[in-house]
Amino acid sequence: MKTKTSLMLITSSSIIFAGENFIELGAGYTTAKDNLVYIKEKKSIDLINSPTQQDMVIPVFTLQYNGFFIGTGNDSEGIGYCYDFEDFSLEASINSDKVFEDPYRSTKSIDLVEMGVVVSKTMYELLDISLGYKNIQVDDKVSVSDTQQSANQLNFNTEAILLTLGQNSFAGLGYHFTYHDSKGKSNSYLKNGISVFTIFELAKDYELVSHVMYADYKFNEKNSHFSKLRD
């Protein structure tokens, strides 16, 4: 089992554009324990001692205009396009990131490329449901095959507004599920997460959103570097 908690504070504005076009600005805070971490912007690998706690501030920026979007730190990461059909929305995106070339033996970083599609639907303006597929490609140079990082990933997310806190203020709960099928089987996992969120409409074109999530990761196979499941 691996645990991670995060807090996202997001403000969004549609004052510049009309309709479904918007700008989202904010910041998030994440804390996690891991043996493979960035510490003060330096990569660290320590497979002997207990995992190191890492605290990170994550910038949030999303710009969407006429269906095209660019974003980082929130649900819409990377560059993509979202099209609204009559009953649902379809989103396609591409994103790049940096990962360890060999996460257990080298601090050299290489490129990770993600391509994904998401189908989402809003029901009664209270319930959001989304189902996504993501293909992750990493040209890693690992010493053992079970730690390869390329993967296929399925994501299911749902969030529902459950309480009215006041005029134009709401709170709700979410459930988040991920099936991550990695080429290196010790990196394959199931993730279950729950979230609590609040929405405060500050003015006609502005919202303040807070989002807190707790997630649990269960890995499928033993890692050959540890001879046990990742914890």
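This report describes salt bridges, aromatic pairs, strand pairing and two single residues in a predicted model.

**Salt bridges**

The whole structure holds 5 salt bridges. Three of them are listed here with the N to O separation and the relative accessible area of each partner.

| Pair | N to O distance | Accessibility of the acid | Accessibility of the lysine |
|---|---|---|---|
| E114 and K134 | 3.8 Å | E114, 15% | K134, 23% |
| D181 and K185 | 2.9 Å | D181, 26% | K185, 34% |
| D216 and K218 | 3.7 Å | D216, 11% | K218, 48% |

E114 and K134 are joined through their side chains, with N and O 3.8 Å apart. This pair ties together distant parts of the chain: E114 belongs to strand β9 (residues 109-123) and K134 to strand β10 (residues 127-138), with their positions 20 residues apart in the numbering. E114 has a relative accessible area of 15%, so E114 is classed as buried, the limit being under 20%. K134, at 23%, is partly exposed.

In the bridge between D181 and K185, the N to O distance is 2.9 Å. D181 is partly exposed at 26%, and K185 is likewise partly exposed, with a value of 34%.

The bridge between K218 and D216 has its closest N and O atoms 3.7 Å apart. Here D216 is buried, with a relative accessible area of 11%, whereas K218 is partly exposed at 48%.

**Aromatic pairs**

The count of aromatic pairs comes to 5. In one of these, the ring centres of Y83 and F85 are 4.8 Å apart and the planes meet at 70 degrees, so the arrangement is edge-to-face; the threshold for that class is over 60 degrees. Y83 is partly exposed, with a relative accessibility of 42%, and F85 is also partly exposed, at 40%. F85 has a further ring partner in F88: their centres are separated by 4.9 Å and their planes by 25 degrees, so this pair is stacked, as the angle is under 30 degrees. F88 is partly exposed, its relative accessible area being 34%. Y83, F85 and F88 together make up one aromatic cluster.

**Strand β6 and its partners**

Strand β6 covers residues 68-72. In a regular strand, side chains point alternately to the two faces of the sheet. In β6, F69 and G71 point to one face and are buried, while F68, I70 and T72 point to the other face and are not buried.

β6 pairs with strands on either side of it in the sequence. Strand β5 (residues 52-65) runs antiparallel to β6 and is joined to it by 5 bridges. Within this pairing, T62 stands opposite G71 of β6. The hairpin of β5 and β6 has 2 residues between the strands, and N66 in that hairpin adopts a positive phi near 55 degrees.

Strand β7 (residues 78-84) also pairs with β6 in the antiparallel sense, over 4 bridges. In that pairing G71 stands opposite G78 of β7. G71 therefore has an opposite residue in each neighbouring strand, T62 in β5 and G78 in β7.

**N187**

N187 is located in the loop between β12 (169-182) and β13 (189-203). Is N187 buried or exposed? N187 has a relative accessible area of 10%, so N187 is buried. The N187 side chain reaches the backbone oxygen of T147 at a distance of 3.1 Å. Leaving out residues up to four places away in sequence, N187 touches Y104, D146, T147, Q148, Q149, H180, S182, F219 and R230. T147 thus appears both among these contacts and as the residue whose backbone oxygen the N187 side chain reaches.

**Y29**

Y29 is part of strand β2 (residues 22-34). Its relative accessible area is 37%, so Y29 counts as partly exposed. Which separation is found between the C-alpha atoms of Y29 and V212? The two C-alpha atoms are separated by 9.5 Å, although Y29 and V212 are 183 residues apart along the chain.

Key:
Residues numbered from 1 in each chain as written. Predicted model: local features only at pLDDT ≥ 70, side-chain atom pairs only at ≥ 80, totals over all residues. Heavy atoms only, no water. Salt bridge = Lys/Arg side-chain N within 4 Å of Asp/Glu carboxyl O. Buried < 20%, exposed > 50% of the residue type's maximum accessible area, 1.4 Å probe, protein only. Phe/Tyr/Trp six-rings, centres within 6.5 Å; stacked < 30°, edge-to-face > 60°. Polar contact = N/O pair within 3.5 Å; in protein donor to acceptor, adjacent residues only side chain to side chain. Contact = heavy atoms within 4.5 Å.
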